[in-house]
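User: Here is a chain to go through by question and answer. Please keep the replies short.

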Amino acid sequence: MPRRKSWPSVLFLYDEQKLTRITRIQAPGFHVGIWWHDDERLVAFLQSISEIKPVGQLIDSDLSHDSAWETARHELSCREESEYFDIPRGRIVWDTVHCSGILYHGNATPADVLQELAKLFRLPRWEARLDEHYLTGEALEAFYGLD
């Protein structure tokens, strides 16, 4: 199967503690947030780093996968009984020391999705980090010994 060059995306901007569906990022600057992807699309929840008071080296969004799941679940056409951790997901934070983004992801996220996320979140420099918190499927079961 050929790799995709671009993924259809559904974007939500988190600003002043409310979510707004957007078609593209209009405000300048870098963003942090959370996301999910399936075989069809990306669903991303972005928050401008200018809206967040830095605490330490990393700037992280106030958003949680648990709280945004109902919105994402509808966009991903998931069944009502689906859980937020059933779908590949991750988090993007900003490293203030290295002036770069960190894309935390699980085992089911291909490189082209990571590249698209960096573009959507307007990250000039970034690195991807596999994080067991975002594992799915058999890898998640193996990690927790859920045979």
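User: In this predicted model, what share of the contacts with a separation of 6 or more comes from residues 24 or more positions apart?

Analyst: The model is predicted, so local features need pLDDT of at least 70 and side-chain atom pairs pLDDT 80 or more, while totals for chains, interfaces and linings use all residues. Numbering runs from 1 along each chain as its sequence is written, and side-chain values use heavy atoms, without hydrogens and water. A contact means heavy atoms within 4.5 Å. Among contacts in the chain with a separation of 6 or more, the share from residues 24 or more positions apart is 67%.

User: What pattern do the helices and strands follow along the sequence?

Analyst: Helices (H or I, at least four residues) and strands (E, at least two) are DSSP runs, numbered from the N terminus. The chain has three helices and eight strands. Read along the sequence, their pattern is β-β-β-β-β-α-β-β-α-β-α.

User: What is the radius of gyration of the chain?

Analyst: The radius is taken over C-alpha atoms, and the globule rule is 2.2 Å times the number of residues to the power 0.38. For 147 residues that rule gives 15 Å, and the chain is close to this value, so it is as compact as a globular protein of that length. Along its principal axes the C-alpha trace spans about 45 × 35 × 30 Å. The radius of gyration of the chain is 15 Å.

User: Which hand does the β-α-β crossover from strand 7 to strand 8 have?

Analyst: Strands pair if DSSP finds at least two bridges between them; strand 7 (residues 100–105) and strand 8 (residues 126–130) run parallel and are joined by five. The chain crosses between them through helix 2 (residues 111–120). A crossover is right-handed if, with the strands pointing away from the viewer, the path from the first strand over the helix to the second runs clockwise. By that test, this crossover is right-handed.

User: How many of the residues of helix 2 are buried?

Analyst: Buried means under 20% relative accessible area, exposed over 50% and partly exposed in between, with a 1.4 Å probe and protein chains only. The buried residues of helix 2 include Asp112, Leu117 and Leu120. Their cover includes strand 1 (9–15), strand 3, strand 4, strand 6, strand 7 and strand 8. Helix 2 is mostly covered, and the number buried is seven of its 10 residues.

User: Which element gives the most residues to the largest nonpolar core?

Analyst: A nonpolar core is a set of buried Ala, Val, Leu, Ile, Met, Phe, Trp, Tyr and Cys residues joined through side-chain atoms within 4.5 Å. The largest has 22 residues, and Ile92, Leu117, Phe121 and Leu123 have the most contacts inside it. Strand 3, strand 4 (42–48), strand 6 and helix 2 each give two or more residues to this core. The most, five residues, come from helix 2.

User: Is the Phe30 and Trp94 ring pair stacked or tilted?

Analyst: Rings of Phe, Tyr and Trp (its six-membered ring) pair if their centres lie within 6.5 Å; planes under 30 degrees apart count as stacked, over 60 as edge-to-face and the rest as tilted. By this rule there are five aromatic pairs. The rings of Phe30 and Trp94 have centres 4.4 Å apart and planes at 20°, so this pair is stacked.

User: Where do the two residues of that pair lie, and how many residues apart are they?

Analyst: Phe30 is partly exposed at 28% relative accessible area, whereas Trp94 is buried at 5%. Phe30 sits in the loop between strand 2 (18–22) and strand 3 (31–37), and Trp94 in strand 6 (residues 89–95), so in a link between distant parts of the chain they are 64 residues apart.

User: What class does the Trp36 and Trp69 pair fall into?

Analyst: Trp36 and Trp69 are both buried. Trp36 is in strand 3 and Trp69 in helix 1 (residues 65–75), so the pair ties together parts 33 residues apart in sequence. With centres 5.4 Å apart and planes at 45°, the pair is tilted.

User: Where in the chain is Arg122, which has a positive phi although it is not a glycine?

Analyst: Arg122 takes its positive phi of about 60° just after helix 2. With a relative accessible area of 33%, Arg122 is partly exposed. Its place is in the loop between helix 2 and strand 8.
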